[in-house]
Amino acid sequence: MNLAEKFAKKAGALSIGQYCPPRCFELAGKRFDFVMDTGEDTGDAVLNFLDEEQVEWSIKGGEALKVDKYECRKADDWTYLVTYCLSGATPRENHTWIIDKEQMLVTFLRCTLGENPYWPYLIESHFTFGYIKEEGKEHTDLRRHGFTDDVAGTGVKWVYGHELATVHVYYSTNWYRITYPKDAVRSEEATETNKMFNEMMKALPGSDEPAYYVKIKEGMYLVSVTEQNMEKILGDKVGFRSDTLCFLDNWNRMYSVGRGFGTSTMGEKESEIFVMIGKYGVPEEVDEHFFTNPNPYLV
């Protein structure tokens with residue numbers, strides 16, 4: 001029996017989630033109190049992990065705790081990506097936290113739909129930074145996680161599954177570009193997928209999309225990208241509507257965990273996208289023009 005032949009198609013059907021690691025349950029039963037003092041949603045915040053699936057939370061100094069189902073993945077021994085979608089919220093909203101126990105710091109990313117009256121599917125990203133309270137101990141360090149240009153000039157192939165990979169080009173402090181590997185894929189399904197995405201890209205002035213880069217620690221960065229231009233230009237012709245993806249990239253291991261949040265209008269009905277992602281990085285030769293071409297969306 002050839003197990004690769006037996007299971008490859010099933011594994012490939014997992015798409016961007018194929019290499020996602022198992023859920024992390026280490027935070028179950030723990031409570032975190034945060035001081036979020038830098039950014040857009042400042043104020044005290046709480047994450048109280050009731051069990052392996054549910055978390056009580058509050059932000060911006062709110063006293064009432066709400067409960068939602070969470071996902072947790074680790075990027076190294078001390079750093080957690082925690083994310084959940086707000087149940088019953090209209091328009092939809094996602095919260096993602098980077099809990100850094102090594103430095104006792106935290107990053108909060110709040111992603112919302114419906115803020116732009118011209119494009120209701122468009123997702124906006126709001127960042128806040130702070131620290132983890134420790135009982136009986138004053139936090140005197142003024143340093144926080146923060147936006148960085150460290151990643152500018154980097155190109156890498158990210159591999160999500162045995163036949164799914166993309167090339168990210170971080171050419172600017174606020175933008176990124178995407179392309180696809182030059183090496184050949186093996187299956188008919190993967191070939192068709194690459195062909196579909198390549199045709200889609202040809203309909204755009206460029207693959208440039210807004211991006212945020214946050215330094216968590218040496219060798220670890222949170223990268224958040226949102227397909228806003230694709231939504232504005234192609235809309236329902238694509239079916240993936242302004243999806244936003246954030247990745248906690250561990251460059252010491254060339255490994256990353258992340259989540260995708262957005263909307264799908266493929267088929268007859270609208271559906272919510274919320275998926276956990278794992279990927280590993282491979283050095284890739286990137287054509288110089290990906291770093292030097294002007295951004296077609298800026299004057």
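Hi everyone. A salt bridge, for this talk, is a side-chain nitrogen of Lys or Arg within 4 Å of a carboxyl oxygen of Asp or Glu. With that in hand, look at aspartate 33 and arginine 31, whose side chains meet in just such a bridge at 3.0 Å, N to O. Please keep in mind that this is a predicted model.

How exposed are these two partners? Aspartate 33 is partly exposed, with a relative accessible area of 25%. Arginine 31 is also partly exposed, and its value is 47%.

How many salt bridges does the structure hold? There are 20, and I'd like to show you a couple of others.

Take arginine 23 and glutamate 71 next. Their closest N and O atoms are 3.5 Å apart, and they form a salt bridge. This pair links distant parts of the chain, with the two positions 48 residues apart in numbering. Arginine 23 sits in the loop between helix H1 (3–12) and strand E1 (31–39), while glutamate 71 belongs to strand E4, residues 66–76.

Is glutamate 71 buried or exposed? Its relative accessibility is 17%, and the cut-off for buried is under 20%, so glutamate 71 counts as buried. Arginine 23, on the other side of the bridge, is partly exposed at 26%.

These two also have company. Arg23, Glu53, Glu71 and Arg73 are linked in a network of salt bridges, so if you have the structure open, do bring up those four together.

Now a pair with another setting. Lysine 137 and glutamate 134 form a salt bridge in which the closest N and O atoms are 3.9 Å apart. Lysine 137 is exposed, with a relative accessible area of 54%, whereas glutamate 134 is partly exposed at 31%.

Let me finish with a residue from elsewhere in the chain, isoleucine 277. You'll find isoleucine 277 in strand E17, which covers residues 271–283. Its relative accessible area is 0%, so isoleucine 277 is buried.

What is isoleucine 277 in contact with, leaving aside its neighbours within four places in sequence? The list includes Ile16, Cys20 and Tyr160, then Leu245 and Phe247, and also the run Ser256, Val257, Gly258, Arg259 and Gly260. Isoleucine 16 deserves a second look: it lies 261 residues from isoleucine 277 along the chain, yet their C-alpha atoms are separated by 6.2 Å.

That's my tour. Thanks for listening, and I'm happy to take questions.

Technical notes. Residues are numbered from 1 along each chain as its sequence is written. This is a predicted model: local features need pLDDT of at least 70, side-chain atom pairs count only at pLDDT 80 or more; totals for chains, interfaces and linings use all residues. Side-chain values use heavy atoms; hydrogens and water are left out. Helices (H or I, at least four residues) and strands (E, at least two) are DSSP runs, numbered from the N terminus. Buried means under 20% relative accessible area, exposed over 50%, partly exposed in between (1.4 Å probe, protein chains only). Contact means heavy atoms within 4.5 Å.
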